[in-house]
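Open the model in your viewer and keep the selection tool ready. We will go stop by stop.

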Amino acid sequence: MKFKAAQIAEILEGEIHGNPEVEVSQLAKIEEGTEGSLTFLSNPKYESFIYSTNASICIVNKDFVLEKPVDTTLIKVEDSYKSFTTLLEYYNQVKLNKSGIEQPSFIGESSNYGENIYLGAFAYIGNNVKLGNNVKVYPNAYIGDNVTIGDNVIVFAGAKIYSESIIGNHCVIHSGVIVGADGFGFMPNESGEYQKVPQIGNVIVEDYVDIGAGTTIDRATLGSTIIRKGVKLDNQIQIAHNVEIGEHTAIAAQTGIAGSTKIGKNCIIGGQVGIVGHIRIGDRVKIQAQSGIGRNVKDDEVLQGSPALNYGDFNKSYVHFKNLSKSINRLNQVEKQLNSKKA
C-alpha cells in the first residue's frame, strides 16, 4: 500500500511543507528512516535525526522550526505523536480490511453471521454460532458451538473459542488465545487419585477487550468467568475459572490469577504477578512486577514484593535488606567490644 503526502495530510488535517506527491509504503523510526518510509518527531532529543533521516515524509508539530534545510517532506500537525498514532490505526484498518469466506472452511448449518464477514481458510465455525457485523476470523481459528460474537471483532489465526463463550463488540483476540477451556477443577478421592469436577460454566468477554497472544481464560465451574469492558490483557496470561476482572484494568504478560478472585476496575498489574484464588482486589490498585498477592487488597493500594507489601514499606525494607550483611558485621563488632570490656 502506498500513500502520498497529500493523502496523509488530509487524513491528519496537517500542512505540507515539501513535495505533496512523494509516496510512502512503510513506517519507520526517525533514526532508521529510508526512502519510501514515513516517520515522526515528537521528542526533542531526537531532533538531530530530522536533518539526517532518509525518510520521505516526517510528521512534526506545527511549532517546530527548522534550523537548516531537510530532504524530507514535512507534515505539520498540532500533536505529532497523536497524529502518528492515528495514522497507525488507519494503516492497521486498511491492512486488516479483509472480507469474504475462503475455502476450505466450515460453518455449521444452524449458525448465522452479519455483514462484511471475513472467514479465513481452515477456520471452523460450530453449530448455533452467532457472528455480528464486520467480524474477521483468520485462518485456522476455531469457534465452538453456541458461541456469540458481537460486531467489529477480530479473531486472529489459531485462536480457539470454546462452546458457550460470549464475546462483545470491538474486541481483538490474538493468535494462540484460548477462551473457555476447562478450569483446573479436580477433587482427590479416597484412593488419593484426582477426580475431575465438570466445568459447565462459560466465559463472558465484554466490549473493547484486547486479549494478547497465548493468553488463556478458563470457563467457570458454574456461572461465568467475566472480563469486563475495556480490559487489556497482554500475552501469556492465565485467568482461572470464575475470575472477574473489572472495567479498564490492564494486566502485563505472564501474570497468573487463580480461581474465583475478583479484581476491580482501573487496576494496573505488572508482569509475572501471581494472585491467589478467592480474594478481592479493589479499584485502582497498582501491583508491581513479580509480586505475589495472597490477601484481599483495598482500593488504591500500591503493592510490591512476594508476599506483597505496601510499595513504600517494601522500598524502605529493601534498603535494610540490601545492607543486611554490613549491619550484621557492625553488630558483631559491637558484641566483640562489649565482650572484651566484660572480660
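Two strands pair if DSSP finds at least two bridges between them. Strands here are DSSP runs of E, at least two residues long, numbered from the N terminus. This is a predicted model: local features need pLDDT of at least 70, side-chain atom pairs count only at pLDDT 80 or more, and totals for chains, interfaces and linings use all residues. Residues are numbered from 1 along each chain as its sequence is written, and side-chain values use heavy atoms, leaving out hydrogens and water.

**Stop one: strand 7**

Select residues 73-77. This is strand 7, and 5 of its 5 residues are buried (under 20% relative accessible area, 1.4 Å probe, protein chains only). Thr73, Ile75 and Val77 point one way from strand 7, while Leu74 and Lys76 point the other way.

Now add strand 2, residues 15-17. Strand 2 runs antiparallel to strand 7, with 3 bridges joining them. Find His17: its bridge partner in strand 7 is Leu74.

Next, add strand 6, residues 57-61. Strand 6 pairs with strand 7 in the parallel sense, over 5 bridges. Here Ile59 has Ile75 as its bridge partner.

**Stop two: the core**

Select Ile149, Val155, Ile245, Ile281 and Ile293. Of the 49 residues in the largest nonpolar core (buried Ala, Val, Leu, Ile, Met, Phe, Trp, Tyr and Cys residues joined through side-chain atoms within 4.5 Å), these touch the most other members. Apart from that core lies another, of 14 residues, among them Ala5, Val22, Val77 and Leu87.

**Stop three: a loop residue**

Select Tyr162. Tyr162 sits in the loop between strand 18 (160-161) and strand 19 (166-167).

Technical notes:
Helix = DSSP H or I, 4+ residues; strand = E, 2+ residues; numbered from the N terminus. Buried < 20%, exposed > 50% of the residue type's maximum accessible area, 1.4 Å probe, protein only.
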